Amino acid sequence: MIRRTHPALSVWAWLVYAFLYLPIIVLVVFSFNDSRFGATWAGFTTKWYGVLFARTDVREALTNTLTVAVVSTLISTVLGTLVGLGLWRYTLRFRTALTGLLVLPIVIPDVVMGVSLLMFYAFVRSGLERLGWTFDNGFWTVLLAHVTFQISYVALTVRSRLAGYGPELEEAARDLGATGLRSFTHVVLPLALPGVLAGALLAFTLSLDDFVVTYFTSGSGFNTLPVLIYTNVKRGVTPDINALSALLVLVTVVAIVAANALLRPRRQP
Amino acid sequence: MKRAALSALLVPVLLSGCYRVEKPAATSGPVTAPITRGDGRTLRVFIWSEYIDPDLVTAFEKENGVRVVLDTFESNEAMLAKLQGGGAQYDIAVPSNYVVQTMVRAGLLQPLEKSRLPNLKNIAPGFLNAPYDPGNRYSVPYQYAATGLAYNRERYVPQDTWAEIFGPDDTRTFVLLDDPREVIGAALKYLGFSANTTDVAQLRQARDLLRGVVAKKGFQGFDGGPGTRNKLLARQIDLGQIYVGDLLIATEEDENVQVLLPRQGTTISMDTLVVLRRSPNPDLAHRFIDYLLDADNGAQLSNYTYYATPNAAAQPLLDDFLKDIPALNPPAAWLTDGRLDFIGELPTGRPQRLYDRIWTELKSR
């Protein structure tokens, strides 16, 4: 018999959720506040959303954010899925070490990653300059930086999705006459797909939210929304930034909910 | 085979971000820029957010047929980190005065060509030749903020003295700025010392004073400008230490919030305009700086940001509202009688460690 949860426990759970989500709710509510400084409630307005969409820097940052997120998600999903499949399927000599390397970008502090990438790009640039070539940090450097941390997330979700299955499924398919490619597209990939999609959504969300790594790897004139928000907050939050944050929260929540739905194990008939 | 195909696919993608370096055109001045890709049409400025009137930028763009890209940073430290990484090519940056020497030592700046800055004459002599950049070799003053005492006059009107916070009275609620140099500096000014002192005995006195201050019932913690401003608008506190500009902007919403400068004197921090060593367009950078030093433009800047202008010629052109605020325009004599201290760079070693220790102790309470 499973006992129902003690009522005190559910009260506690609600308190924890309130603690986690009240600040975000306050932020969303205050994006409708008719006061420039947001300290006191001065009436309901949607004007900040209008102000927001009139800002060219915001529109530009939005385009940049989405472009980087989409492209980096595509690249990292393909590469990460291959890594995840490889780790699942083959017995490799340095498997533990490889898995460790894969976890590293997840546990390493963002700031270390950002600074090391900044230095890496500077190093590469100085090498190229000797050959008479150069590049500015911007879209490409940010894109590569995002791919580097996204791969890990995709690879790990794909691997854990497949963890329950042995290689015998693929062998059975081969026994029944499937070619390597066919067994991959008809057996392995469908099994891995929820993991792939969940990993992709996770990667997309991470790219959308990332500030630190983006700040260090972007160049002049290339801003993403998190960078724009963060650098604006220091001198005081203007309500249009509240509105922008509210929208960003909305997009993130939708992506996370979608990722959860995909990760839920589907019962095979 | 496949691997070769993959790399063949990837290489052009990665290289498409690269371009060939054009050999720098012979630039005048002592520093030859290591990299020049300036087409003279795009000026890149690294600046604090909401620190320049967009209309001024648009006017400059029209006048010169160029594009100005404004990127923002949120702290001097973050700006330094990014510039030192060499990733971004900016022409102009806007560091606070105490960072200028650090940037010079890091080789990030190029000396200014004064002949291209005729409007430099507009700057009040008191703000030129400051200790952070003797002879203004690398920087020109942009806008500055004195640190004052803010209050909401509907709730409480303080005297113009730091004793409101540092004195024995324990009935007022207050916040201090979340910045070691500002807090320790204010305590030092109250005690009659320089805000940049390296005298250990003076620093110990400040430490003992501050220990008592943060133990007061009314102490509501450390906060930044926006937080303090919001608490004053909401009438949650009696007093707050704040940058004058950060508070003045709130008078638009509630004219009862006010700020004053304590008579013992206070700290000021000057934000400066510098041309970066790797600037792709040093010519345009100088032109933009000179444009900002113009009297009309200088006034327009302050009318927009509510920060004080070091531009003497701009002073009479300020909005009446700003002209009437003493905290924004400290008496000229204060500049020379030692009452206004630029927050200066500290020599490394014992005094700096003492500043750090005092701050850590205060924050850990």
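The exercises below, each with a worked solution, read confidence, an interface and two serines from a predicted model.

In this predicted model, local features need pLDDT of at least 70 and side-chain atom pairs count only at pLDDT 80 or more, while totals for chains, interfaces and linings use all residues. Residues are numbered from 1 along each chain as its sequence is written, chains are lettered from A and ligands numbered from 1 in the order in which they are written, and side-chain values use heavy atoms, with hydrogens and water left out.

**Exercise 1.** Find the mean pLDDT of chain A, and state which of its elements have the lowest and highest mean values.

*Solution.* Begin with the term: pLDDT is the predictor's confidence in each residue, from 0 to 100. For chain A the mean is 85, and 94% of the residues reach 70 or more. Next, turn to the elements, which are DSSP runs numbered from the N terminus (helices: H or I, at least four residues; strands: E, at least two). Strand 1 (residues 133-135) of chain A has the lowest mean pLDDT, 80, whereas helix 6 (residues 139-162) of chain A has the highest, 92.

**Exercise 2.** Describe the interface of chain A and chain B by its residues, its buried area and its salt bridges.

*Solution.* First take the contact (heavy atoms within 4.5 Å), to which chain A gives 34 residues and chain B gives 43 residues. Then take the buried area, the accessible area (1.4 Å probe) that two parts lose on being put together, summed over both; here it is about 3500 Å², 52% of it on carbon and sulfur atoms. Finally, look for salt bridges (a side-chain nitrogen of Lys or Arg within 4 Å of a carboxyl oxygen of Asp or Glu), of which the rule finds zero across this interface.

**Exercise 3.** Decide whether S76(A) and S31(A) are buried or exposed, and find what their side chains reach.

*Solution.* Locate the residues: S76(A) is found in helix 3 (residues 56-89) of chain A, while S31(A) is in the loop between helix 1 (7-30) and helix 2 (47-54) of chain A. Buried means under 20% relative accessible area, exposed over 50%, and partly exposed in between (1.4 Å probe, protein chains only). S76(A) has a relative accessible area of 0%, so it is buried, and S31(A), with a value of 0%, is therefore buried. Lastly, the side chain of S76(A) reaches the backbone oxygen of S72(A) at 2.8 Å, and that of S31(A) reaches the backbone oxygen of V28(A) at 2.6 Å.

Terms used
A polar contact is a pair of N or O atoms within 3.5 Å; within protein, one must be able to donate a hydrogen and the other to accept it, and residues adjacent in sequence count only if both atoms are side-chain atoms.
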